[in-house]
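Me: Could you take me through this structure by question and answer, giving the reasoning behind each reply?

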Amino acid sequence: MGLHDENAAVTQVHFLPHQVELVTLLDDNSLHMWTLRAHKGVSELLEIGRFMLTGPPGAPPSVTRVTAVLAHSSGDLLLLGTEGGHVFIVEVPGFRELEERNISLDQVANSIPDDYIGRRNLEHVEALQENPVNPNHVVIGYGRGLMVIWDLENHCTIQHIPATQQLESVWWTEDGGYILSSHSDGSYCRWMVGGEDVEEEEKSDIPYGHFPCKAISKIIQLPTEEGPPYLLFSGGMPRASYGDRHCITVIHSKTHVALDFTSRIIDFFIIRDGPQHTGEPSALVVLVEEELVVIDLQTEGWPVIQTPYLVPLHSSAITCSHHVSAIPLKLWERVIAAGDLQNTHYSKKPWPITGGQNLAPDPPQRDLLLTGHEDGTVRFWDASGVCLYPMYKLSTAGVFHTDADPNDNMNQGMEGEWPPFRKVGCFDPYSDDPRLGIQKIHLCKYSGYLIVAGTAGQILVLELNDEAAEQTVEAKVVDLLQGQEGFRWKGHTRLDVREEPVLFPAGFQPFALVQCQPPAVVTALNLHSEWKLIAFGTSHGFGLYDYQQKNNVLVKCTLNPSDQLAMEGPLSRVKSIKKSLRQSFRRIRRSRVSLRKHHVNNAAKLQEANARLEAELAEMELAPVQRKIEARSSDDSFTGLVRTLYFADTFLSDSSHNTPSLWAGTNGGCVFAYMLHLPPVERRADEPVTAQPAKEIQLMHRAPVVGIVVLDGHGAPLPEPLEVAHDLARSPDMQGSHHLLVISEEQFKVFTLPKVSAKMKLKLTAVDGSRVRRVGVAWFGSSRSEDYGESGLVVLTNQGDLHVVSLPGVKMQVQHPCIRREDVSGIASCVFTKHGQGFYLISPSEFERFSLSARYVVEPSCLVEVPLRSGTSSQRRALPDGAPSAHRNARQDSEDAEVLQEIQKSLEGDQTSFLENNVKSAVA
């Protein structure tokens, strides 16, 4: 990966022919040269030069503002067309401007007929194209439509092509006999290349006329061995009817298809067969704003080739994530098999873009990353290696009645429709119903059960089935308000469940549904597949559901009577501004009253307090400077919102009998503990599960509880459900005393069990002012010894810093900056793995991966084999057939003028030292 020092967008990228070097153009008008170099056995992309055009003194910036770039087939020249209409010729890789070979606007204007100049201004250089047959000839296309064929050797004009419409792009056919030009009115023209000026185009066509059309931004024509050529162009749609479509039209023989993409087209090119890529067109590669799409042009129907990398994560907006480590092989294979059944519409051809070697070792385990999306889908990604690879997609929309017609097929156009649209790509930012959005996911890798919770209070319980099945999903409504009067839900309504049987494809199929009432967003979710229980929470309370008997076990309302905001729903947040202002003024008033009270008799007590303080400090050690933390008011909004749910088999009633339990933490700093009674296995299907309240903890500062962990007698976190049964974890120690670790936004506090008395704590907010946003338990394996490892807490704060806290001692171990504190969405999207790694969104479409573990590090390692190159320029680059002798003469002249070059390099900055500095920085 290469990173520019400048904070500017990359607007163009051009490979230099026959080399492993490329040139980038930034929007600050700077050009950068990059090369692939092998270092310590892997390839690195290093910057070896930079350049910016400089015009004559006093010239406006438009004279040197680059608008078009042509990398000449010789590999030695760059042609730079500018906004001022000039073409600068630069020698690479040294970025030496060949002033004697530049093509000025005046030279071109003097060589064309006066009548054309008199009525039209040439404007900027829109396009540069080289003659495939004779590299000495290039066509220069100007914005107003004029095209000029220029002879680089003789430095003169050969032919003028006076198009009258604004020019968008040009294409020189492979035989060198014709030039295609596309224009802003949706037309393209075919011009014959000859010795004399062309008065009229040979062929002009508006493919989607007669009404006004949008511009054709790029056009390509490629021949075939037998039959008519392929014609491809982007744009050209009728402006009034389909002006918002992003299309590439492909025409071959009698086949005419308008490939309809859901995001803006950036660029496209064709891959051809043969060792020199001069054979039949085989694939169309399209880069659109949100994804990379490759079309198979040699298979009937032109299907899409599945992308092995750069798959769009955000086909629908990502709303939540869930990571599962060390997936068992059987579950892995079943998920892959279900995903293969969804990919039958893809082409069978292999990925056509090849090159390089992947040197990364095989991943030590199989990891899954599950992403929930706004349209109600859950996508399964292979997160074992560097690239996220799609495995399977689950859709929950079929369970409910939505506005979308299930028979509506968007992939194929109607018979006889014009233009002949065909939807391509998987990016689909539109959701039929925002209530379908997935908010929480939990997968048990041992039992294969999956639970997903949504925006409208729906919790689906799913199990993996290798065959398609038709079944009815039973809905169980849970009233979290428990009949409390005086509350009226002002948010969205719940989703309507289909009462008729639904055919679910192979994969994860729902068999139970819990519907919270009011239908608020589900804020916490947990699954205990060994006990067959699900815990769920919203802003109104939490509940416990037995998915084996399909019964409610527990419902607890945590709503504060004064919290009206929790009843308004996510769409009514504006109504709370008045209340927020009122609460702020109340806090200010309370603080002023307390200050007045403390001020009374303050002077009389000052001397006595100072004396007492000096005596205490003489006997005790000074503690670190800490901030004063104000206790949060119980009247604050959303104090009843459930933040975390936790299952534990521990000691609640006494120290000799362990019992199953459920723990819940709220936004108001309250922790609820319930003892669960589970019937014996043989009567589990008949006898009900019961729950009774056991403990309740109220944190002094009322900080939100974001995590709960129970530590066994050895101080280790309790294993996951079914983990011990599968011999993947040792049994928890039940002989020593257990401890409860409560993680709030402000501190980590350890309580003894079963008495629930405070034992120790680690303050965070009081020390550095940060607050806990994400927390997880991780196992840190030693990089030197396979048998040694430690458990710890991984913490992400609102400052974007990562902390590792030791267990059971609760001591701060390390701290690393990770995410910019301004990146609120990135911090909110972070998810930790069980082995000290993590993912967070650096943009709506990109996950960044980090690791805090020395043993588990995933990083790219690849090698692109570069052909050996000699030291001299003439040996390193062989001129292609038909290259002009002027290039050879220019190269000889440059070799004779080495002294002048050295002087110029010393003035502009030595390129060699520039490269060495980059190599050193890359190694460091």
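**The cavity, the core and one histidine**

Reply: The largest cavity encloses about 30 Å³ of space, and this is a predicted model.

Me: How many cavities of 30 Å³ or more does the structure hold?

Reply: A cavity is a set of points where a 1.4 Å probe fits but cannot get out. With 30 Å³ as the lower limit, the number of cavities in the structure is one.

Me: Which strand gives the largest share of the lining of the largest cavity?

Reply: The lining consists of Thr396, Phe400, Ile438, Val452, Ala453, Gly454, Gln458 and Leu460. At least two of these residues come from each of β32 (449–454) and β33 (458–465). The largest share, three residues, belongs to β32.

Me: How many residues of that lining are nonpolar, polar and charged?

Reply: Gly is counted here among the polar residues, which bears on Gly454, a member of the lining. On that basis the lining of the largest cavity divides into five nonpolar, three polar and no charged residues.

Me: Which residues have the most contacts inside the largest nonpolar core?

Reply: This core has 35 residues, and the elements that contribute two or more of them are β17 (216–222), β18 (230–235), β19 (246–252), β20 (255–261), β21 (265–272), β22 (281–288) and β23 (292–296). Inside the core, the residues with the most contacts are Val250, Phe261, Leu284 and Ile295.

Me: Which residues does Ile295 touch, leaving aside those up to four places away in sequence?

Reply: Ile295 is one of the residues with the most contacts inside the largest nonpolar core. With residues up to four places away in sequence left out, Ile295 touches Leu259, Ser282, Ala283, Leu284, Trp302, Pro303, Val304, Arg422 and Val424.

Me: Why does His835 count as buried?

Reply: His835 sits in the loop between β54 (831–832) and β55 (837–843). Buried means under 20% relative accessible area, and His835 counts as buried because its relative accessibility is 13%.

Me: With which side chain does the side chain of His835 make a polar contact?

Reply: Beyond four places in sequence, His835 touches Ser325, Gln365, Trp779, Ser853 and Tyr856. The side-chain polar contact, at 3.5 Å, is with Gln365.

Me: What percentage of the residues in the protein chain is buried?

Reply: The secondary structure of the chain comes to twelve helices and 57 strands, and among contacts with a separation of 6 or more, residues 24 or more positions apart account for 56%. Of the 924 residues in the protein chain, the buried portion is 48%.

Technical notes:
Residues numbered from 1 in each chain as written. Predicted model: local features only at pLDDT ≥ 70, side-chain atom pairs only at ≥ 80, totals over all residues. Heavy atoms only, no water. 1 Å grid on protein atoms, 1.4 Å probe; cavity = no way out; pocket = protein on both sides within 12 Å on 5 of 7 lines; lining within 4 Å. Points joined across faces, edges and corners; volume = space filled by probe spheres on them. Helix = DSSP H or I, 4+ residues; strand = E, 2+ residues; numbered from the N terminus. Core = buried A, V, L, I, M, F, W, Y, C linked by side-chain atoms within 4.5 Å. Buried < 20%, exposed > 50% of the residue type's maximum accessible area, 1.4 Å probe, protein only. Contact = heavy atoms within 4.5 Å. Polar contact = N/O pair within 3.5 Å; in protein donor to acceptor, adjacent residues only side chain to side chain.
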